[in-house]
Structures are given as structure tokens and as C-alpha cells.
Amino acid sequence: MILTSDYATFYSLPSLPLRLIPNFIRKNKFPPYGLRKIESIVNSKIVSPTAIQKFLHSDKILGIYVNDPLAQTEVSKGLSKIFGEQPYHYKAFKSFSNRIRLLKEKYKFKVIIGGPGAWEISIEKPNWVDTILLGEAEITLPKIMQNNFFPKIIYGEETEKFFPIKGPSAFSEVEIMRKDRKIPLDVIKSELKVQSKYHDYVNLISDDLLSYGSEEEILELLKISSTFGKVIFSQISAISAYNFNFEKIKSILNLNENNWRSPVLSGKPGICTLEFENEIINELNKNYIYPLIYINEEKVKDLMKYKCIIIPLPSTEKYYDILYETWIHNSCIFKSKLNKTIEFILYKNKETKGEYLKKINIRGIHLYNIFAILIKSYLKKN
């Protein structure tokens, strides 16, 4: 079995023409974490999307990892509406799909699609895909391969056995929880070791770091992880943050004005959006945690007094005003030479009620993804 994904997903590229992407973020050296996990489960080979053809003569199964292939997440749909066109990752997958379809006609291999965005493919059920795997792969994928049985849609069984990755991923991810199941500590340590050989930081991923266990268990995990480099964490939830002593996290990770963290703050584990939790945000700020918050545009102003990175979700015609104000607020946290340029563009866009941005998009510049470059470059290590 060989593994790959479309070009944008494989290299974690933002939605800009390649010539417009700064050299420091042109493409990642390493594949997505999801491909690394599958590689460890079925002892397969990861191949870049541009090199797969030469491997298809002898390999009969192609595994494709998808994240948001048809831009069906709420964030992607909202952004498509704002900017007047689909994001680049949508276009990249469409182009990749056409290429795989033609290669499949020639070489007659099987195609299995999985990953967090597989549900989007399951709606269309394209004829060039043999099996769409929804859910976890540890138990189900080996069964498919051993039995040589390829149902159109199959639901992955939940597992209690987890396989550590064998090579580094793009953003130094280490899975610590999957839904309500804790990853065994020996697997976590193995992945920390692998990632730290290639990165100077490790990224603890879960739906909610604070659901990992007791406060003592969480702090111990952070202490262990700190021996492998700088520790960042992907997400925390407001529901788990009550009564948690963030001063202890600040102490373990040596957080300060120049060494802050910005995990996604959600209302509860497994979702991205937040209603409003001023008491918790205040406590986070006191301990140099400046959360990334997805929130409906009408509630943005309530967050302006806090240090946080706000991603407003559109719902009214006032969105372009909110987008400009939000950028001014966010740019106080992360600084870049591009900040003033983007501020000017968003001001013009506000004045023209969105038309200025759409004209820029027609020329091939997708402004939202300039935000993505800036945010990713800072949050990658925060």
C-alpha cells in the first residue's frame, strides 16, 4: 500500500498561488500526521502526490488522506462566501481527483480514502474511489487489506491499541487523547522522541488537553513533554478549564510575555466555537495563554478587551467592518511586516463592503490565506 494526499494537504499549503507563498512557508518537509499514523498501522509507504505514478505499477492499493477536501466545514463554507470563491485546498483536491481517476483507469489499482474529511467524500461516492473509511483505521484498515474486500463505505471500529509514528510530521504532532480515550504513555513518549529529532518543539493534540486526566496527570504529562523541547497544545475547552490552576502550566512551560501559548479555546471538547467565557479568558491571559477563538461576528466586540486571536464567523452584512476591527486587535499579538499591508486591504474592503477583496481574489490573491500564513507562522510554535 502507498499513501498520499492532494498537494495542498500533503504540504499543508495555504490557499495562495505557489509563487506568492513566502519561502519560509513554501511547503513543509514532512507529511501530515494522519499519514504518519496510517504508515505505522499497515507498514505502508508515504509518497508525495507528484511521485505516485512510478509506484502504481506494482502496488495495488492507494490510500488517500483527506482533511477538508470539498470545503464543507463551517469555516470553509463561511470563507467561501466571504471571498467569493472556493479555497485552494478544494481546487487542489479536485485536480488531484482527476489525476487519480485517470491513473486508476490505466493501472487498475484500488483506492481507499480516509481521514477527518472522508465524510465529505461519502456524500458524493465518486466512482474512482473503491472504499471510504469513516472513523478509526487501526482495526478496520488491516482487515480490508487482509480480506481483499472493498465495500464502498465502511465504518472504522474504535480501538484501544495505538501505534506510534515512525517518522516526523509537518507540525510535530503527538496525539495524547482520542475522544475519551487516553493514548498510552509509552506511545506518547515514543512519538515525542520521534518528533523531537526533527523539530525543536512538540505539539500535544487532542480535543481538550484539560480532559486528559486529573490536574496532576496533566502537569506530569507537560513535564515529560518538556524534556523533548518546547511544548505547545492544540485545544482546551471552557468546560474543563473551571477550577484548573493555570499558574502551574505557566510555571512548567516558563510562560511569559515573549513565550505565550495560543490553543483553540472551545466551549466543550470536540467543537471549535465558543459562546463567551470571560472569567476563563481572563484567567488564561493572566498566565500568558492567549487563546484562538472562533466566534460569531456579533459577539466579537465582547472579546476585544482580552488578549486572544479572534476568528469571526460571518452572519450579517456588517462582517467586513468586524473583520477589519478584528485584524487590528489580532495584529497586536502577532507582529509581521505584512500587518500594515493587510490592514490597508481590509480597510479598503470595509469601505467597499467586500468588493475590494473580491477584486483581489480575481487576480489570484486569496487574502484569508495570507492571514493563515501569519497565524500559522506564529501559532506553529505557540
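## The six-stranded sheet

Six strands form an open sheet in this predicted model. Their order is S2-S1-S3-S4-S5-S6, and the pairing is parallel. Strand S2 (45–46) and strand S6 (153–155) are the edge strands. Each of these two pairs on one side only.

Take the S6 edge. Strand S5 (residues 131–134) pairs with S6 in the parallel sense, over three bridges. Leu134 has Tyr155 in S6 as its bridge partner.

## Two helices that cross

Helix H2 covers residues 33–42, and helix H6 covers residues 140–147. Their axes come within 10 Å and cross at roughly 50 degrees. The two helices are therefore oblique to each other. The crossing of H2 past H6 is right-handed.

Which residues make the contact? H2 supplies Ile38, Ile41 and Val42. H6 supplies Leu141, Pro142 and Met145. By class, the residues of this contact are six nonpolar, no polar and no charged.

## Strands S14 and S15

Further along the chain is strand S14, residues 292–296. Is S14 largely enclosed or largely open? Four of its five residues are buried, so S14 is largely enclosed by the rest of the structure.

S14 pairs with strand S15 (residues 309–313). The sense is parallel, and five bridges join the two strands. One of the pairings involves Asn296, whose bridge partner in S15 is Leu313.

Terms used. Residues numbered from 1 in each chain as written. Predicted model: local features only at pLDDT ≥ 70, side-chain atom pairs only at ≥ 80, totals over all residues. Heavy atoms only, no water. Axes fitted to C-alpha atoms, helices over the stretch in contact; angles between N-to-C directions. Parallel < 35°, antiparallel > 145°, perpendicular 65-115°, else oblique. Left-handed = near helix turned anticlockwise from the far one by under 90°. Contact = heavy atoms within 4.5 Å. Nonpolar A, V, L, I, M, F, W, Y, C, P; charged D, E, K, R; others polar. Pairing = 2+ DSSP bridges. Buried < 20%, exposed > 50% of the residue type's maximum accessible area, 1.4 Å probe, protein only.
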